Amino acid sequence: MDILKAKNLKKYYGSGENVVKAVDGIGFSVEKGSFTAIVGTSGSGKTTLLNLIGGLDYADEGEVIIDGHSILKMKEEELTIFRRRNIGFVFQNYNLISVQNIYKNIVLPIRLDGNKPDQEYIGHICAVLGIEGKLDRYPNQLSGGQQQRVAIARAIAAKPAVLLADEPTGNLDSRTSAEVMGLLKMTAKEFHQTIIMITHNEAIAQLADRVIHLEDGKITGGETEI
């Protein structure tokens, strides 16, 4: 079963001779529970593509369907609510709130939605990620690898349909990068989580179930566009 479909996505910047085709007619689908890596060099369009399928930006053309909902047809307020409930994000720079402790960082998306956290589920996530003993600490008291574990916990706390990871190992050394990748793969299996990760690192990408290559805003390497 496909949880996400991207259809003929286009995002251009500039005009005339100066037009930059950041995403140029991309289409693909993602199976529920799978781990997909989107790999490309700087300027290939992977971050723009992630922003489009995550509802952080609007495409000039095309459609993104997540769990049966066409997100690019939503109005801004509707999209904000849908994104909070259905899309988890893991960023290269963690994006944790420095003045809140680890527990509050993890449950923030749930609180913003006016809901009570599932304490048993949150506890299980933290135990799996090895941060159960650090919930009363603050982000600056943790290492980069530990902060990324918190970011993963926050991303899946609301049980999103899709988790999007933007260069999640970009600021980590090779040993910690391997650890975080292992955690992402374990997260996909343990919590039946669908993960889409962008990276410039081919070796990191090969740890995913499936690899999509981007170049000049287009899919290359044998993926079928839809």
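**View 1. The surface of the protein.** The protein exposes about 10,900 Å², and carbon and sulfur atoms supply 46% of that area (Shrake-Rupley method with a 1.4 Å probe). This is a predicted model, in which local features need pLDDT of at least 70, side-chain atom pairs count only at pLDDT 80 or more, and totals for chains, interfaces and linings use all residues. Residues are numbered from 1 along each chain as its sequence is written, and side-chain values use heavy atoms, with hydrogens and water left out.

**View 2. The protein as a whole.** Welcome to the overall fold: seven helices (H or I, at least four residues) and 10 strands (E, at least two), all taken as DSSP runs and numbered from the N terminus. Along the principal axes, the C-alpha atoms fill a box of roughly 55 × 40 × 35 Å. Of the 226 residues, 51% are buried (under 20% relative accessible area, 1.4 Å probe, protein chains only). Contacts are heavy atoms within 4.5 Å; among those with a separation of 6 or more, 71% come from residues 24 or more positions apart.

**View 3. The hairpin of strands 1 and 2.** Here strand 1 (residues 2-13) runs antiparallel to strand 2 (residues 20-31), and nine bridges join them; strands pair if DSSP finds at least two bridges between them. Look for K10, whose bridge partner in strand 2 is D24. Six residues lie between the two strands of this hairpin, and G14 in the turn has a positive phi of about 80°.

Definitions and conventions. Buried means under 20% relative accessible area, exposed over 50%, partly exposed in between (1.4 Å probe, protein chains only).
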